[in-house]
Amino acid sequence: MRWPNGFVCPKCGGAKHSYTAVRRIFQCSVCRVQTSARAGTIFHKSSTPLTKWFLAMHLLTSAKNDISSLELARQLDVKWDTAWLIKQKLMEVMRQRNSIYKLSGDVQIDDAYLGGERPAKPGKTGRGAEGKLPFVIAVETRDGKPIHMQLRRVPGFTQAAITVYAAANLTPGSWVISDGLDCFVGVKEAGMKHLAVVTGGGRPTHPFFKWVNTGLGNIKSAFVGTCRSCDSQHADRYLASYEWRFNRRFDLAKNIERLARIALTTLPRSYRSIAAVRMPAEMAG
């Protein structure tokens with residue numbers, strides 16, 4: 001997959017090389033640089049066999065409601081922290097790939113949140129409640145059927161934030177259907193057409209919002225029923241993995257190859273950059 005036409009030196013582009021089978025190392029005959037098939041990819045410096053990586057790809061892409069790190073560890077026969085890191089790296093590949101696509105045509109959009117009430121810490125509920133992470137759910141439809149979905153974190157539901165989101169993720173000229181929340185007027189400034197349907201309080205039940213409601217229900221089932229919990233610093237990747245699976249749900253047989261090819265073009269990520277390890281002072285606080 002990485003070198004379909006034979007070895008190519010990552011430094012000079014040369015094709016002549018020697019190979020050390022014991023170390024699985026390629027050495028360029030021109031510039032003498034040494035490399036491997038994994039080097040410079042998401043698999044960089046991983047001691048886990050590639051067969052287990054590919055099994056992880058299958059399990060992660062074929063599970064409708066995600067797969068927990070604990071279950072992944074059991075299936076791969078590895079430690080939990082190894083399974084967790086593999087999953088996070090693969091979800092990072094999905095996140096980066098998702099970012100290049102834009103929705104177009106008829107688009108349903110709604111505000112959503114990760115997190116909820118905390119019985120042990122009573123306080124404000126609803127929008128603005130402490131601990132809630134805002135994100136946008138948008139579904140592109142065609143003839144009333146869902147085609148593609150987007151799940152994107154936003155800093156808050158302000159008109160400026162929605163304008164930035166729409167400019168980066170929607171095709172100009174698309175018809176965007178939202179509820180009456182004022183911030184969604186921001187899509188007009190990004191070149192979209194906008195239809196606001198005032199639905200009153202609570203989750204909108206109008207037929208125009210059928211697929212965003214269905215998507216939110218499935219996402220919450222995946223988080224609560226399968227993963228059980230999700231740290232805020234990893235939320236983007238979990239949302240991206242659900243989005244990636246939904247948008248490729250009709251061609252499951254090709255998903256392993258798709259994910260593997262993208263993984264080969266994704267730069268390495270260290271454990272510290274993935275885990276976002278907190279400083280001792282922050283952990284004590």
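In this predicted model, His 17 has Cys 28 of β2 as its bridge partner. That pair belongs to a ladder of four bridges between strand β1 (residues 17–20) and strand β2 (residues 25–28), which run antiparallel. The two strands make a hairpin with four residues between them, and Arg 24 in the turn shows a positive phi of about 55°.

Then β2 goes on to a second partner. Strand β3 (residues 34–35) pairs with β2, again in the antiparallel sense, over two bridges, and Phe 26 is matched with Thr 35 of β3. Here too there's a hairpin, with five residues between β2 and β3; Arg 32 in the turn has a positive phi of about 70°.

Here are the two hairpins side by side:

| Hairpin | Residues between strands | Turn residue with positive phi | Phi |
|---|---|---|---|
| β1 and β2 | four residues | Arg 24 | about 55° |
| β2 and β3 | five residues | Arg 32 | about 70° |

Next up, a helix pair. The axes of α1 (residues 50–62) and α3 (residues 80–98) come within 11 Å and cross at roughly 65°, and the crossing is right-handed. On the α1 side, the contact is made by Trp 53, Ala 56, Met 57, Leu 60 and Thr 61; α3 brings Ile 86, Lys 87, Lys 89, Leu 90, Met 91 and Met 94. Sorted by class, that's eight nonpolar residues, one polar and two charged.

Now for the open sheet. Its five strands come in the order β6-β5-β4-β7-β8, and the pairing is mixed. At the edges sit β6 (145–153) and β8 (193–197), each of which pairs on one side only. From one strand to the next, the twist averages 25°. Towards the β8 edge, β7 (residues 175–179) runs parallel to β8, and five bridges join the two. One pairing to look for is Val 176 with its bridge partner in β8, His 194.

What lies across β4, β5 and β6? That would be helix α4 (residues 159–169), which runs at about 130° to β6. The strands beneath this description are β4 at 106–114 and β5 at 133–142.

Finally, how far to trust the picture. The protein chain averages a pLDDT of 88, with 89% of the residues scoring at least 70. Residues 279–285 are another matter: the pLDDT there is below 50, and beyond near neighbours in sequence this stretch has one contact in the model. Where pLDDT is low, predicted coordinates shouldn't be read in detail.

Terms used. Residues are numbered from 1 along each chain as its sequence is written. This is a predicted model: local features need pLDDT of at least 70, side-chain atom pairs count only at pLDDT 80 or more; totals for chains, interfaces and linings use all residues. Side-chain values use heavy atoms; hydrogens and water are left out. Axes are lines fitted to C-alpha atoms, for helices over the stretch in contact, and angles run from 0 to 180 degrees between N-to-C directions. A crossing is left-handed if the near helix is turned anticlockwise from the far one by less than a right angle, and right-handed if clockwise. Contact means heavy atoms within 4.5 Å. Ala, Val, Leu, Ile, Met, Phe, Trp, Tyr, Cys and Pro count as nonpolar, Asp, Glu, Lys and Arg as charged, and the others, Gly among them, as polar. Two strands pair if DSSP finds at least two bridges between them. pLDDT is the predictor's confidence in each residue, from 0 to 100.
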